[in-house]
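Got the model open in your viewer? Let's walk through it one selection at a time.

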Amino acid sequence: MALPDFLIAGVPKAGTTALHAALSRHPGLYLSQIKEPKFFLTDGPPPTKGGPGDALTYREHVWQRDKYEALFDAAPAGTLRGEATPFYLHDPEAMGRIHDLIPDAKLIVIVRDPVERAHSNWTHLWSAGLEPVGDFLRACAEQDRRIAAGWAPFWRYLELGRYGEQLEHAFSLFPREQVLVIRYRLLIDDPAATLDRICAFLGVQPGLLTEIPKENVTAHPERTLAHRAVSLGMRASDTIGRLLPGTAATAATHRLERLLQRGARERQPLSWEQRQAVLPQFIDDIKRLEIVLDEDFSNWRAPRDRSGGMVGARRPGQAQAKNGFRR
């Protein structure tokens, strides 16, 4: 039985699924088959209630230590073991548990323009038929109410993007040389050099990985009566699915999700008007991030001539990643 040597600890909707897939191809690395075990998010069983889809996701947490360590049993001798749960960075208690159990672990964090990250987060849940609010700005305004109602962290479109305060806390626990912060845009624009940087950080041979596969590309179903009907069915099946054993509930909702996304257009870019409306929520934290990392992030505060991320057509047969499992 063994624990991981490194964690992709943040952040959601910043390419962690694609990075997990890319690093899995390196002969010196072994990543868990379950991409998001979420082991450090709880100290014991996860919650049983939350927002749409949350209960099923909680059932898939690998929260028992023996089962978590078993995820790495198949690692070949001499390889470094890792997993990717991008919610760790956001959760101070999770970071504390990581420090207590594996204080020498190396952490990889990908930071993405927080407004774009929030928009991608909303689009992901809208595409999955779980987000009941079909307008990005109105959905962001629901954050505090949803937190109070006990919805899971993935619904915190704005809060998840406050990397300055999250990294400040991480650096209070871990030496900076154990934390690698990567910009999402570099992962997209210069994948070979970025992957080499990650491999050098982990201490494995660079030059073997050159591409970031398109994983978890989000489609964007239009707001039609058919979308509304299937989405209502999706949320209803989520409630019924809580009564089904094991992974049967996930399988039951997966068919509806495929139907919902069939023929959907590519994810739509964020408009400048939307960006202007949300950006003030992040200005103070962007400044904090610049101080914490001693880097310039002024482009996140400026008008953009390019938006979106891993957009484009999905591979044939590919579905959106669901509940922490690769598809």
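Contact here means heavy atoms within 4.5 Å. By that rule, residues 24 or more positions apart account for 78% of the contacts in the chain with a separation of 6 or more. Before you click around: this is a predicted model, in which local features need pLDDT of at least 70, side-chain atom pairs count only at pLDDT 80 or more, and totals for chains, interfaces and linings use all residues. Residues are numbered from 1 along each chain as its sequence is written, and side-chain values use heavy atoms, with hydrogens and water left out.

**Whole chain**

Start with a cartoon view. The secondary structure comes to 14 helices and seven strands; helices (H or I, at least four residues) and strands (E, at least two) are DSSP runs, numbered from the N terminus. Buried residues make up 57% of the 327 residues in the chain, where buried means under 20% relative accessible area with a 1.4 Å probe, protein chains only.

**The five-stranded sheet**

Next, pick out the open sheet. Its five strands come in the order β2-β3-β1-β4-β5, with parallel pairing; two strands pair if DSSP finds at least two bridges between them. At the edges sit β2 and β5, each pairing on one side only. On average, neighbouring strands of this sheet are turned by 25 degrees against each other, direction ignored, using axes that are lines fitted to C-alpha atoms, for helices over the stretch in contact, with angles from 0 to 180 degrees between N-to-C directions.

Select residues 29-31 for β2, which runs parallel to β3 and is joined to it by three bridges. Show Tyr 30 and you'll find its bridge partner in β3, Arg 81; Leu 29 stands opposite Leu 80 in β3. Now add β1 (residues 6-10), which pairs with β3 (residues 80-84) in the parallel sense over three bridges. Here Leu 7 has Glu 83 of β3 as its bridge partner.

Slide over to β4 and β5, a parallel pair joined by five bridges. Light up Val 111 and its bridge partner in β5, Arg 183. Four of the five residues of β5 are buried, so this strand is largely enclosed by the rest of the structure.

**Phe 297**

Keep Val 111 and Arg 183 on screen and select Phe 297, in the segment after α14. Leaving aside neighbours within four places in sequence, Phe 297 is in contact with Val 111, Arg 183, Ile 286, Leu 289 and Glu 290. Phe 297 is buried, with a relative accessible area of 1%. Try a distance to Asp 113 as well: the two residues are 184 apart in sequence and 8.9 Å apart in space, C-alpha to C-alpha.

**Helix α8**

Now select residues 163-173, helix α8, and colour its buried residues: Tyr 163, Gly 164, Gln 166, Leu 167, Ala 170 and Phe 171. They cover an arc of only 160 degrees around the axis, which puts them on the same side of α8; the arc is that of the directions from the helix axis to the C-beta atoms. What covers them includes α4 (92-101), β4 (106-111), α5 (114-127), β5 (179-183) and α14 (283-293).

Last stop: show α4 with α8. Their axes come within 10 Å and cross at roughly 20 degrees. The two helices are therefore roughly parallel to each other, a label for angles under 35 degrees. To see what touches, show Pro 92, Met 95, Gly 96 and His 99 of α4 against His 169, Ala 170 and Leu 173 of α8.

Definitions and conventions:
Buried < 20%, exposed > 50% of the residue type's maximum accessible area, 1.4 Å probe, protein only. Parallel < 35°, antiparallel > 145°, perpendicular 65-115°, else oblique.
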